[in-house]
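Reader: I am new to this model. Please walk me through the terms used for it, and show the reasoning behind each one.

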Amino acid sequence: MRELWGSVIIFLICPVLGGLPVVDWLVQRGTGKRLRQLGTGNLSVSAAFYHGGRTVGILAVCSEAAKGGIVVLLARWFFTTEPAWEIVALIALVMGRYWMGGGAGTTNVFWGIVAHDPIGAVVIAFLGLMSFTLVRERRAGRYVSLFWLVMILAVRQSGQDYAIAVVILAALMAWIYTKIPDDLELVEPTDQTQDTRTLFRFFRGDNAVLTLRDRLEPQKVGAKAATLATLKRWGYAVPEGWVLPAGDDPQPLILSLNPSPEQPLIVRSSAIGEDSASASAAGQYVTLPNITTPPQLEAAVLHCQTSYNSRRAVEYRRHHHQRDQSLAVLVQQQITGQYSGVAFSRDPVDQYRDVVVIEALPGGAAAVVSGQTTPEQYSVHFAADSVTPPDREHPDGDRPELDDPAALAIAGEGSTPSHVLQQVARLCRDLEARYHG
């Protein structure tokens, strides 16, 4: 009868305990803020550090650690000789933590394992920390730690039921990691103490310098940088570039580049969730051209990062119902254009017109995007079958050769040469066919 009551209590009490928004209460008590209305909306320990500071963060750790220890001791009292139930109690706690409390339960599980098997917890923590120090990539580090969790506990305890419970716990946490956003990818908390910022920088990892030749994820570096990287792999003429994800130490990137007056760089934003079907965020974050020295580069990176929290950018996100996420910095070789502009593969006003619309001016791009000068506008007409379809069997191969653009008809007058407009129009339709169909 004791075990029956124990199983009922574990499956009822543990999820409720996991779902109690203690972290949110602590942050609200300490700062007046509500975590569900900030950043990622997670009620996580890292969010408490980010939005509440060091003291609130430590209290959040203690509260979630206590939850993990309580459920393990509760299961041990009911099931003295069955350690698998202690793991089941942690599973129930994590489920409640995710579905009701909006967190992954990492702190709950770690301290629950400390109460469950102190020696095993020390070994898991040591191997996990060593792995994270070597890998320096959060996602991989998490999964490696879960691997050590399964291996160490399975070695130290016998029994098929116990092993199955440990595997289920690790699989559940791995699944949750794929479902919730990461607070450590938010912009560095400039309003917190240096200790808090240093802690964030360490646990963010990702110290390797990313380039546009890598496979980049838009959830980590923004759609702009990820799309440029894809186009570069496809063989298009994208200038060389380097990417600094939000929160990464900028020094490795800055030290790896050597801008000069002969080889200037341009610093651009690549915000997470910047472009959507209803908002483009164009012009909300800064672009800093003509970077010719390392000190200029360091200052430009910082300026670009802080522009995410400018009043104008924050108001824009609020107006378009966009959540605060993070901003990556994109550094590229600066191209001095003889002609610069913007091209639309379809008429943005009348998409049924089979034309490419191009707005351009002689010189650099600043005059076009600033809105202070009216650009020349052209419409390039051509038949629907005049673009060579891309090779979808080899999406990372060389881009297809463009057909002869000389036959394309151009409407509009200005100083931009017709052969440039025709080449741009062909390129637009080639990208449209390849990227969206």
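Reader: Which residue in β5 does Ala271 stand opposite?
Author: Ala271 faces Leu327 there. Bear in mind that the model is predicted.

Reader: What makes β3 and β5 count as paired strands?
Author: Two strands pair if there are at least two bridges between them. Seven bridges join β3 (residues 265-271) to β5 (residues 327-333). Therefore β3 and β5 pair. The two strands run antiparallel.

Reader: Where do β3 and β5 sit in the sheet?
Author: The order is β1-β2-β5-β3-β4. These five strands form an open sheet with antiparallel pairing.

Reader: Why is one side of β1 and of β4 left without a neighbour in the sheet?
Author: β1 (210-211) and β4 (288-291) each have a single partner strand, so they stand at the edges.

Reader: Which helix lies across β1, β2, β3 and β5?
Author: Helix α11 (residues 218-233) does. The helix runs at about 125° to β3. An angle over 145 degrees would count as roughly antiparallel, and 65 to 115 as roughly perpendicular. About 125° is in neither range, so α11 is oblique to β3.

Reader: Why is α5 called roughly antiparallel to α6?
Author: Helix α5 (residues 84-99) and helix α6 (residues 106-116) pack at about 165°. The cut-off is over 145 degrees, so α5 is roughly antiparallel to α6. Their axes are 10 Å apart, and the crossing is right-handed.

Reader: Which residues in α5 meet α6?
Author: Glu86, Ile87, Leu90, Leu93, Val94 and Arg97 do. Their partners in α6 are Asn108, Val109, Gly112, Ile113 and His116. By class, this contact has six nonpolar, three polar and two charged residues.

How values were computed. Residues are numbered from 1 along each chain as its sequence is written. This is a predicted model: local features need pLDDT of at least 70, side-chain atom pairs count only at pLDDT 80 or more; totals for chains, interfaces and linings use all residues. Side-chain values use heavy atoms; hydrogens and water are left out. Axes are lines fitted to C-alpha atoms, for helices over the stretch in contact, and angles run from 0 to 180 degrees between N-to-C directions. Helices (H or I, at least four residues) and strands (E, at least two) are DSSP runs, numbered from the N terminus. Angles under 35 degrees count as roughly parallel, over 145 as roughly antiparallel, 65 to 115 as roughly perpendicular and the rest as oblique. A crossing is left-handed if the near helix is turned anticlockwise from the far one by less than a right angle, and right-handed if clockwise. Contact means heavy atoms within 4.5 Å. Ala, Val, Leu, Ile, Met, Phe, Trp, Tyr, Cys and Pro count as nonpolar, Asp, Glu, Lys and Arg as charged, and the others, Gly among them, as polar.
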